[in-house]
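Subject: Structure handover

Hello,

Here is the structure I promised to pass on. Please open it beside this email and follow along.

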Amino acid sequence: VGWQQPEARGYDFTNSWDEFAAEVEVDRPAIELLHQVLERPKLDFQLDYKQGDKLRLPHLAPMKISAIKLQDAVIMALHKGDVGAAATNILTLLALVHKNAAEGLLISHMVRMAMMDLAFAPTWEFLQATNVTDAELAEVQNGWWQLNFLSDAENSFKVERAWMLPEIQRSRASHEGFMSFHYPMGFPGSSGSSSSSG
């Protein structure tokens with residue numbers, strides 16, 4: 001159980017608990033802001049899907065970084081014996097995953113799955129605490145039950161299909177359209193020219 005160890009350890013670090021606490025404290029304002037997601041029905045980053053493959057997704061990396069910060073905050077809270085704060089941080093992490101389910105992109109879906117994966121270890125650590133209440137256990141269980149990746153993926157597949165139709169039409173219409181879609185960096189082994197010989 002990580003929070004019971006004499007040092008704070010991750011796959012890429014070993015710190016004293018004081019050092020780890022100082023790092024988590026720096027992130028406390030951001031974590032408190034993230035808790036507001038619990039009060040919102042859903043997340044909507046106002047993506048303009050009409051941009052197709054030119055659509056930028058600057059929110060995905062910060063979403064995953066937020067999950068890592070929440071993961072750390074859970075472990076620190078458990079080390080301090082504050083299971084209420086640990087539960088809130090787990091619920092916030094799961095809410096970030098659940099409330100962004102309508103975002104219709106496969107990459108968004110994959111980032112959500114990575115964030116869910118980041119919630120596994122702190123949830124297990126939370127379950128090792130002896131002072132967790134039944135109400136807190138029920139809340140965390142409900143947070144996990146709300147996730148439904150099979151259902152959520154359906155919307156992603158619909159959007160990706162809609163995006164692909166114009167690309168397929170361009171590929172069928174001309175050799176240049178085919179090459180630009182399938183080999184945007186140029187055909188392997190070619191000199192960069194789209195013309196063919198023989």
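Is K54 buried or exposed? K54 has a relative accessibility of 58%, so it counts as exposed. The cut-off for that word is over 50%. Find K54 in the loop between α2 and α3. Then look for V132. The two residues are 78 places apart in sequence. In space, their C-alpha atoms are 47 Å apart.

One caution before you go on. This is a predicted model. Every value below was computed from it.

**The same loop, another residue**

Q46 also deserves a look. Q46 sits in the loop between α2 and α3. Its phi is positive, about 55°, although Q46 is not a glycine. Q46 is exposed, because its relative accessible area is 63%.

**The core**

Now turn to the inside. The largest nonpolar core has 41 residues. Which of them touch the most other members? They are L78, L96 and F126. Six helices each supply at least two residues of this core: α1 (17-26), α2 (28-34), α3 (60-79), α4 (83-98), α5 (106-127) and α6 (134-145).

Stay with L96 for a moment. Set aside its neighbours within four places in sequence. L96 is then in contact with L34, V37, L43, M63, S66, L70 and M115.

**Helix α4**

L96 is one of the buried residues of α4. How many residues of α4 are buried? The count is 12 of 16, so the helix is mostly covered. Here are the buried ones: V83, A86, A87, N89, I90, L91, T92, L93, L94, A95, L96 and V97. What covers them includes α2, α3, α5, α6 and α7.

You can also check the length of α4. Allow 1.5 Å a residue, and its 16 residues should span 22 Å. Its end C-alpha atoms are 22 Å apart, which agrees. If you try the sum yourself, multiply 1.5 Å by one less than the number of residues.

**Salt bridges**

Side chains of opposite charge can pair when their charged atoms come close. The structure holds 5 salt bridges. Let me take you through some of them.

Start with E154 and K158. Their closest N and O atoms are 3.6 Å apart, and the two form a salt bridge. How far apart are E154 and K158 in helix α7? They are 4 residues apart, so about one helical turn separates them. An α-helix has 3.6 residues a turn, so residues three or four places apart point the same way. E154 counts as partly exposed because its relative accessibility is 45%. K158, at 54%, counts as exposed.

Elsewhere, salt bridges that share partners join E25, R28 and E32 into one network. R28 meets E25 through their side chains, at 2.8 Å from N to O. The side chains of R28 and E32 also meet in a salt bridge, at 3.0 Å from N to O. R28 and E32 lie 4 residues apart in helix α2, so they too are separated by about one helical turn.

How open are these three? R28 is partly exposed, because its relative accessible area is 39%. E25 is partly exposed, also with a relative accessible area of 39%. E32 is partly exposed at 42%.

**Helix α7**

Last stop: α7, residues 149-173. Two leucines there are worth finding.

L150 is in helix α7. L150 is exposed, because its relative accessible area is 78%. Compare its place with that of V140. These two are 10 residues apart along the chain, and their C-alpha atoms are separated by 21 Å.

L165 is also found in helix α7. Its relative accessible area is 39%, so L165 is partly exposed. Which residues make a nonpolar surface patch with L165? They are M164 and I168. The patch covers about 220 Å².

That is the tour. Start at K54 in the loop between α2 and α3, then work through the sections in order.

Best wishes

Methods: Residues numbered from 1 in each chain as written. Predicted model: local features only at pLDDT ≥ 70, side-chain atom pairs only at ≥ 80, totals over all residues. Heavy atoms only, no water. Patch = residues over 30% accessible without salt bridge, like charges linked within 9 Å, V, L, I, M, F, W, Y side chains within 5 Å. Areas by Shrake-Rupley, 256 points an atom, 1.4 Å probe, with all protein chains shown as cover. Salt bridge = Lys/Arg side-chain N within 4 Å of Asp/Glu carboxyl O. Buried < 20%, exposed > 50% of the residue type's maximum accessible area, 1.4 Å probe, protein only. Core = buried A, V, L, I, M, F, W, Y, C linked by side-chain atoms within 4.5 Å. Contact = heavy atoms within 4.5 Å.
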